[in-house]
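Here is my note for you, written as numbered points. Keep the structure open beside it and look up each residue as you read.

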Amino acid sequence: MYNTKYGRYDGDSWEAIMQICFRLKYESEHYQSIPASSGDCGIEGFTKQGKVFQCYCPDNNLSSKDLYEKQRDKITTDLNKLNLYKKKLGKFLNGVLIKEWIFVTPESRMNDLVLHCNTKTEEIKNLNLPFIDPDFKVIIHDIDNFAKEIPVALNAEGQKLFIDKKKLEDGSIIKWKDQEIDLVANAIRKHSKRFVQGAAGVDQKVNKLTDATIESFLDQNTILSRWQQLHPDDYEKFLILLSQIEKEVEELCMFPADDNNQLYKSLRKLVKEKLTANFSYLNEMTIDNLTNGAIADWLLRCPLDFE
């Protein structure tokens with residue numbers, strides 16, 4: 001499967017989710033899919049305004065060079081079908097002139113793919129096919145072009161949305177610890193209180209927990225940034241909900257607990273349950289990451305503390 005920031009796909013599942021996205025995004029342009037049962041003729045659907053679409057997703061994540069070569073070859077192969085199947089395609093289009101042949105792929109990392117599209121644009125125009133508009137272009141759309149439609153499409157498919165976190169750069173946790181000494185001291189002090197007095201190896205465990213807290217805090221920023229782009233209204237709702245939970249957590253932490261680690265677990269459970277209830281379209285991994293990020297933020301600052 002190919003990992004994207006909004007879930008994992010292979011060629012079939014990518015095309016299936018994109019077909020729903022096309023219908024949502026281009027409903028006003030009367031999007032028409034072309035079932036693959038009789039051959040797609042180099043396109044998988046078109047609009048009455050002259051946009052046609054071809055999907056491509058590798059089955060596994062690739063290096064930038066390998067991804068570019070596969071995308072380049074796919075574009076070349078499918079554009080050749082416009083001429084190869086011109087009679088059949090003309091019947092499908094029924095008078096619609098193709099203005100944009102859009103290659104829909106999860107991501108494009110190399111500028112050379114744009115240059116390849118420009119080259120193919122001129123080659124197709126020079127074929128003088130009857131259904132090619134004089135302003136014909138070959139362009140690329142990636143997953144961000146459908147950021148608003150993907151959550152709706154996943155829900156329609158009975159799937160839940162996974163918002164991936166961006167991989168942290170090497171050394172980013174150490175760098176953050178050096179810059180935010182007071183916040184790190186808060187986390188160390190609070191994690192220390194989760195252990196019973198005299199427990200073995202506490203210092204090493206506290207350091208490990210503190211690093212995990214910082215990682216969760218930094219991960220949350222990338223997840224929230226992507227969520228804000230996908231669902232700005234729900235992102236605002238999340239901030240309001242989190243502010244309310246924070247007050248509840250702060251009050252619960254005012255009272256001494258017999259077991260601070262149990263209190264920590266109960267607070268984490270409280271956050272996860274409220275997020276799950278309010279954002280049921282997010283998958284469990286995304287809810288876990290948001291929960292860990294909220295707890296991390298409260299540990300580094302002051303709302304979550306132990307008497």
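1. Begin where helices α7 and α11 touch: Leu-183, Asn-186, Ala-187, Lys-190 and His-191 of α7 meet Trp-298, Leu-299 and Leu-300 of α11. Sorted by class, this contact has five nonpolar, two polar and one charged residues. Please keep in mind that you are looking at a predicted model.

2. How do these two helices cross? Helix α7 covers residues 181–192, and its axis lies 7 Å from that of α11, at an angle of about 100°. Angles of 65 to 115 degrees count as roughly perpendicular, so α7 and α11 are described as roughly perpendicular to each other.

3. Stay with α11 for a moment, which spans residues 284–300 and includes Thr-286. Is Thr-286 buried or exposed? Thr-286 counts as buried because its relative accessibility is 0%. Leaving aside residues up to four places away in sequence, Thr-286 touches Leu-161, Phe-162 and Ile-163.

4. Now compare a second helix pair, α8 (residues 202–230) and α9 (residues 232–252), whose axes come within 5 Å and cross at roughly 135°. That angle makes α8 oblique to α9. The contact between them has six nonpolar, three polar and one charged residues. On the α8 side you will find Gln-220, Leu-224, Trp-227, Gln-228, Gln-229 and Leu-230, which meet Pro-232, Asp-234, Tyr-235 and Phe-238 in α9.

5. Helix α8 also has a part in the surroundings of α5, which runs over residues 149–156. The buried residues of α5 are Glu-149, Ile-150, Pro-151, Ala-153 and Leu-154, and they pack against β2 (7–9), α1 and α8. After α5 comes Gly-158, with a positive phi near 75°.

6. Next, the sheet. Which strands form it, and in what order? Five strands make an open sheet with mixed pairing, in the order β3-β4-β5-β6-β7. At the edges sit β3 (32–33) and β7 (132–141), each paired on one side only. In general, strands of a sheet pair through backbone hydrogen bonds, either parallel or antiparallel.

7. Look inside the sheet at β5 (residues 51–55) and β6, which run parallel and are joined by five bridges. In one of these pairings, Phe-53 has Ile-102 of β6 as its bridge partner. Helix α1 (residues 11–25) lies across β3, β5 and β6, and runs at about 160° to β5.

8. Glu-100 is a good residue to follow in β6, a strand of residues 98–104. Glu-100 counts as partly exposed because its relative accessibility is 25%. Not counting residues up to four places away in sequence, Glu-100 touches Gly-50, Lys-51, Val-52, Lys-137 and Ile-139. By contrast, take Lys-65: Glu-100 and Lys-65 are 35 residues apart along the chain, and their C-alpha atoms are separated by 26 Å.

9. Last, the cysteines. How many disulfides are there? The count comes to zero. Cys-57 is in no disulfide, and its nearest cysteine sulfur, that of Cys-55, is 9.6 Å away. For a disulfide, the two sulfur atoms would have to be within 2.5 Å. Cys-57 counts as buried because its relative accessibility is 6%. Cys-253, at 5% relative accessibility, counts as buried too.

Methods: Residues numbered from 1 in each chain as written. Predicted model: local features only at pLDDT ≥ 70, side-chain atom pairs only at ≥ 80, totals over all residues. Heavy atoms only, no water. Helix = DSSP H or I, 4+ residues; strand = E, 2+ residues; numbered from the N terminus. Buried < 20%, exposed > 50% of the residue type's maximum accessible area, 1.4 Å probe, protein only. Contact = heavy atoms within 4.5 Å. Axes fitted to C-alpha atoms, helices over the stretch in contact; angles between N-to-C directions. Parallel < 35°, antiparallel > 145°, perpendicular 65-115°, else oblique. Nonpolar A, V, L, I, M, F, W, Y, C, P; charged D, E, K, R; others polar. Pairing = 2+ DSSP bridges.
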